[in-house]
Every structure is written in structure tokens, then in C-alpha cells.
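Thanks for coming, everyone. I'll take a few minutes to walk through one model, and then we can talk.

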Amino acid sequence: MTSKQFSISKIAVFITTLITLSFCSTEAQASCASPLDGGNFEGQTSKRVSSPWIGEGRVGIDRGLGYSNFGKNNAWMRNASGWNGIRQRVRLQPNTQYKLTAYVRTSGNVTDGYFGVRDARQKVFSEIKFGSLPRYTPLTLSFRTDSKTEYNIFTGFWALGQDSWVQVDDYRLTGGSCEDVELVPATN
């Protein structure tokens, strides 16, 4: 073996060792399935609220109208009377701490808005009340589940006799077995 061949062999062994070490030191990334799906409404394909969300009252999706907090779409509720809201059924771990956040904006006359979590029978489990929010404002609710696993995430308002509206976007739910990871579904 000539010295030139010996040098090339050394370089080849060095490169092979580097590549091997690179692959060996790569750690697998854990993936947490989000219990909340489509929190940014980008997957909504029409102006009607569709799965995984459920509309309550007069609701819809603003698609590409420039009303969203981030991205192209957001959900809306608008009416002069009654309850108007959206909800999504989620499965959560029992006896576990969670944090729910969404961005909400309203007309100036909203005084009776609610953001929170209901149980499987639609009874309020934990909620916060909001009023007029002229700009998208993050609402955050920390809650601890009980022994049950089925809940409903919701946002809505009681319209009190005059045209009123609420827009909501960018729901996030963190906690559970992935406490250190933001539980947001991948957008593929």
C-alpha cells in the first residue's frame, strides 16, 4: 500500500466514523397526539363549521378574509339573540392538569362571553367569562380533570337583543402526558 492509498484509507475511515457517530447520536423525537384537533381552523374547507368542531347557534368560518389572528381562517359567532358558540369533544387524561388558550375578539357590545371546558353531558366544568375584546386577546384557562376522560372545549356568547359577534382562533391545549410539549396537531 502506498502512502497515498494509506492517506485515502485514513480519510475514508474518518468519514465513515463521523457518519456512524452522527446516526448513533440522533435521538428519536417523542410525538404527542393532541387531544384538540384543528385549533387554527386552517383545515376548515367551507364557510360552515365542520368536524371536529360543532356549531351552536349562528356560527361559521371566515376563510381567507383577513379576520384571523394568524393564518387564513378563524371561527365566528354572530347573532342578535340566544346562545352562539362552537365546541369540540376531546379525550383527556383523568386527574391531570391542562391549560387551554384561544385568541378571541368581539364587537364592542359583547358582555356575556364564555370560554372553557364542559363535561361529556355539556355541563360547565371550568370556564372564564369575557366581555368586549376589540383586539384578538389570548384567553387562558388552567384546569384539572376529574376521573372522567371526555370533555368539550368551547367558546361562545349570549347575544342580548342587538347584533353582536365573536371571532376565535388559535386554540392550544397543553398538559397531560406531554406537559412539556405544546399539544398542537401537525399541519401536513
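**A walk through the model**

Let's start with burial: of the 188 residues in the protein chain, 38% are buried. Keep in mind as we go that this is a predicted model. The accessible surface of the protein chain is about 11100 Å², and carbon and sulfur atoms account for 53% of that.

Now the layout. The protein chain has 1 helix and 9 strands. Going along the sequence, you read α-β-β-β-β-β-β-β-β-β, with the helix ahead of the strands. And if you take the contacts between residues at least 6 apart in sequence, 72% of them join residues at least 24 apart.

Okay, the core. Which residues have the most contacts inside the largest nonpolar core? They're I86, V168 and Y171, in a core of 31 residues. Strand 2 (59–63), strand 3 (73–91), strand 4, strand 5, strand 7 and strand 8 each put in at least two residues. Strand 8 gives the largest share of this core, with 8 residues.

Let me zoom in on V168. Setting aside neighbours within four places in sequence, V168 is in contact with ten residues you can click through: F41, N74, A75, M77, I86, A102, Y103, V104, Y136 and T155. Remember F41 from that list, as we're going there next.

So, aromatics. There are 8 aromatic pairs in the structure. Take F41 and Y171: their ring centres are 6.1 Å apart and the planes sit at 65°, which makes the pair edge-to-face because edge-to-face calls for planes over 60 degrees apart. This pair links distant parts of the chain, with F41 in the loop between helix 1 (3–25) and strand 1 (54–56), and Y171 in strand 8 (residues 150–175), 130 residues apart. Buried or exposed, for F41? F41 is buried, at a relative accessible area of 1%, and Y171 is buried too, at 2%.

The second pair to look at is Y98 with F143, and this one is stacked, with 5.8 Å centre to centre and 20° between the planes. Y98 is in strand 4 (residues 97–106) and F143 is in strand 7 (residues 137–144), so this pair ties together parts 45 residues apart in sequence. Both Y98 and F143 are buried.

Back to F41 for a moment. F41 and Y171 also belong to one aromatic cluster, along with W53 and F115. And have a look at the F41 backbone: phi is near 65°, a positive value in a residue other than glycine.

That loop between helix 1 and strand 1 has something else in it, namely P52. The peptide bond joining S51 and P52 is cis, with omega at about 15°.

One more ring before we move on. R118 lies over the face of F154, 4.3 Å from the ring centre.

Next, the hairpin. Strand 5 and strand 6 form a hairpin with 4 residues between them. How do strand 5 and strand 6 pair, parallel or antiparallel? They pair in the antiparallel sense, over 6 bridges. If you want a place to start tracing, G113 stands opposite F130 in strand 6.

At the other end of that ladder, look at the turn. Q122 sits in the loop between strand 5 (113–119) and strand 6 (124–130), and its phi is near 75°, again positive in a residue other than glycine. Q122 counts as partly exposed because its relative accessibility is 28%, between the 20% and 50% cut-offs.

Last stop, E150, which lies in strand 8. Buried or exposed, for this acidic side chain? E150 counts as buried, since its relative accessibility is 18% and the limit is under 20%. Leaving out residues up to four places away in sequence, E150 touches R89, V90, R91, D119 and A120. The C-alpha atoms of E150 and A120 are separated by 5.4 Å, although the two residues are 30 apart along the chain.

If you open the model afterwards, begin at Y171: it pairs with F41, and it is among the residues with the most contacts inside the largest nonpolar core. That's my tour, so over to you.

Conventions:
Residues are numbered from 1 along each chain as its sequence is written. This is a predicted model: local features need pLDDT of at least 70, side-chain atom pairs count only at pLDDT 80 or more; totals for chains, interfaces and linings use all residues. Side-chain values use heavy atoms; hydrogens and water are left out. Buried means under 20% relative accessible area, exposed over 50%, partly exposed in between (1.4 Å probe, protein chains only). Contact means heavy atoms within 4.5 Å. Accessible areas come from the Shrake-Rupley method with a 1.4 Å probe; for residues, only the protein chains shown count as cover. Rings of Phe, Tyr and Trp (its six-membered ring) pair if their centres lie within 6.5 Å; planes under 30 degrees apart count as stacked, over 60 as edge-to-face and the rest as tilted. A charge sits over a ring if NZ of Lys or CZ of Arg is within 6 Å of the ring centre and within 35 degrees of the ring normal. A nonpolar core is a set of buried Ala, Val, Leu, Ile, Met, Phe, Trp, Tyr and Cys residues joined through side-chain atoms within 4.5 Å. Two strands pair if DSSP finds at least two bridges between them.
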